[in-house]
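The following paragraphs lead through one structure, element by element. Please keep the sequence and the coordinates at hand while reading.

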Amino acid sequence: MTSRPHLPLAPLVTPGPELTSAQISRYSRHLLVPGMGMEAQRRLLAARVAVVGAGGLGSPIVAYLAAAGVGHLTIIDDDVVDTTNLQRQVMHGTDSLGRPKVDSAAAYVAGLNPDVEVTTRHTRVTLQNAQELLAGHDLVLDGADNFPTRYAVSDAASALGLPVVWAAVLRFDAQLSTFVPGAAGAVSLRDLFPVPPRPEDVPSCAEAGVLGALVGQVGSIMAAEAVKLICGFGEPLVGRVLLVDALTQRTREVPLRPVGSVVKPIDREPVREVLPLAEVSVEAVSRMVSEAEGEGEDGASPVPVLLDVREPGEHALGTVPGALTIPVGEVLTWEDIHGVLPEGPVVVYCKAGPRAQRAATHLIKIGHPEVAVMTGGMLAWVDRIDPSLPSY
């Protein structure tokens, strides 16, 4: 096993003005930490940090960087606060529902530390605007929840020469790394994921869930990485990926090296074969359910089989009446259609659509003659057919 040098990187930020007596009191516990002291705190106060995402990861990132005295935070997010966010996005409260997350975050920081200046950008990071949004900062923390944004941040930061602290969280698992252009063996997100995964292969937290406390743990690690980079002490997560398993509370790390070739930035979905899928509205499915309940077997055409491919925890929140509940992972293991479903046409649905499309595509590939997807999934059913069920 080859050893890696245990050396801190040079500080990212030049120290700012001398601390006031009030600041010495506020940051006294930092000043006592070996490797920090007055000069490191002055670096923090002079730092300009961009935080992409004001959600699950963004909440502990912003909270701890603001508390640490990072002088300028730019918070970038295009979303508004929703009830489902409150389980983990602790910067936002019930009174912030419907408010842009960047505005809620800015108010949180204002109440926490008057030393910190906040710039809000209520927009989504794209390949087209990423460099403009990130320019002028010393460091970027990527708390985005989707790969297009992550790649846009990574590519722009590489072009601008900015370090990126990156993480991704799902259910009980997380991955973290720090990318520093110009460092020995410098790597980026494209070395970790050279080929963008298909959206349907990467469930979001909205589809698969996430342990709220885990995003707090991971976001805090990201904030610690930022402090180390700004001040120039310790050993950041450069050239390695930290894997966190909250279910067993174990961590491990894997080395990360350059892929050895330049990957062209991707500004659109990779071209791939897509099987055409028929779609059925929730209103049409509702009529099918009513006909099945009222007509028995006297209908002129066979009643479709309704297949709910969400996870068991989602099934417990409510289903379309009469639906079979089989998680998408099990459906994808089927090698042929014989004996796995009743005969007749099949209408597949999930929460919003991606898992249903994946399951329906698989059913077609293994030979099912008539498969459709319920447009909008369970969210559309709750919104337009049965509002008594919870939206999640």
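In this predicted model, β4, α7 and β5 make up a β-α-β unit with a right-handed crossover. The two strands of the unit, β4 (residues 139–142) and β5, run parallel and are paired over three bridges. One position to look at in this pairing is L141, which stands opposite V165 in β5.

Strand β5 also has a second partner. It pairs with β6 (residues 173–179) in the antiparallel sense, over seven bridges. Here V169 of β5 stands opposite A174 in β6. The hairpin of β5 and β6 has two residues between the strands, and in this hairpin R171 takes a positive phi near 55°. How many of the seven residues of β5 are buried? The count is six, so described because buried means under 20% relative accessible area. The strand is thus mostly covered.

The helix of the unit, α7 (residues 147–160), leads to the aromatic side chains. A pair of aromatic rings is described by the distance of the centres and the angle of the planes. Four aromatic pairs are found in the structure. In one of them, F147 with Y151, the ring centres are 5.9 Å apart and the planes are at 40°, so the pair is classed as tilted. A tilted pair is one whose angle falls between the limits of 30 and 60 degrees. Both residues belong to helix α7, where they are four residues apart, about one turn of the helix. F147 and Y151 are both buried.

A further pair is formed by W166 and F193, with ring centres 6.2 Å apart and planes at 65°; the angle is over 60 degrees, so this pair is edge-to-face. W166 lies in strand β5 (residues 164–170), while F193 lies in the loop between α8 (189–192) and α9 (205–208), so the contact ties together parts that are 27 residues apart in sequence. Is each of these two rings' residues buried or partly exposed? W166 has a relative accessibility of 1% and therefore counts as buried. F193, with a relative accessible area of 22%, is partly exposed.

These residues belong to one aromatic cluster, formed by F147, Y151, W166, F179 and F193. The ring of F147 has a charged neighbour as well: the charged end of R150 sits over this ring, 4.8 Å from its centre.

Another part of the structure is an open sheet of five strands. Its order is β9-β13-β12-β10-β11, and the pairing is parallel. The edges are taken by β9 (278–280) and β11 (324–325), each of which has a single partner strand, so one side of each is left without a neighbour in the sheet. Within the sheet, β10 (residues 305–308) and β12 (residues 346–349) run parallel and are joined by four bridges. L306 has V347 in β12 as its bridge partner.

The loop between α14 (354–365) and β13 (371–374) holds I366. With a relative accessible area of 17%, I366 is buried, because the value is under the limit of 20%. Its C-alpha lies 9.7 Å from the C-alpha of H338, and the two residues are 28 residues apart in sequence.

Two buried polar side chains make contacts with backbone atoms. S59, placed in helix α4 (residues 58–68), has a relative accessibility of 0% and so counts as buried. What does the side chain of S59 reach? It reaches the backbone oxygen of G55, at 2.8 Å. E225 is located in helix α10 (residues 212–231) and, at 4% relative accessibility, counts as buried. A polar atom of the E225 side chain lies 2.7 Å from the backbone nitrogen of L237.

The last point concerns cysteines. C231 counts as buried at 7% relative accessibility, and C350 is buried with a relative accessible area of 1%. How many disulfides does the structure hold? The count comes to zero, where a disulfide is a pair of cysteine sulfur atoms within 2.5 Å.

Methods
Residues numbered from 1 in each chain as written. Predicted model: local features only at pLDDT ≥ 70, side-chain atom pairs only at ≥ 80, totals over all residues. Heavy atoms only, no water. Buried < 20%, exposed > 50% of the residue type's maximum accessible area, 1.4 Å probe, protein only. Phe/Tyr/Trp six-rings, centres within 6.5 Å; stacked < 30°, edge-to-face > 60°. Lys NZ or Arg CZ within 6 Å of the ring centre and 35° of its normal. Pairing = 2+ DSSP bridges. Right-handed = clockwise from strand over helix to strand, strands pointing away. Polar contact = N/O pair within 3.5 Å; in protein donor to acceptor, adjacent residues only side chain to side chain.
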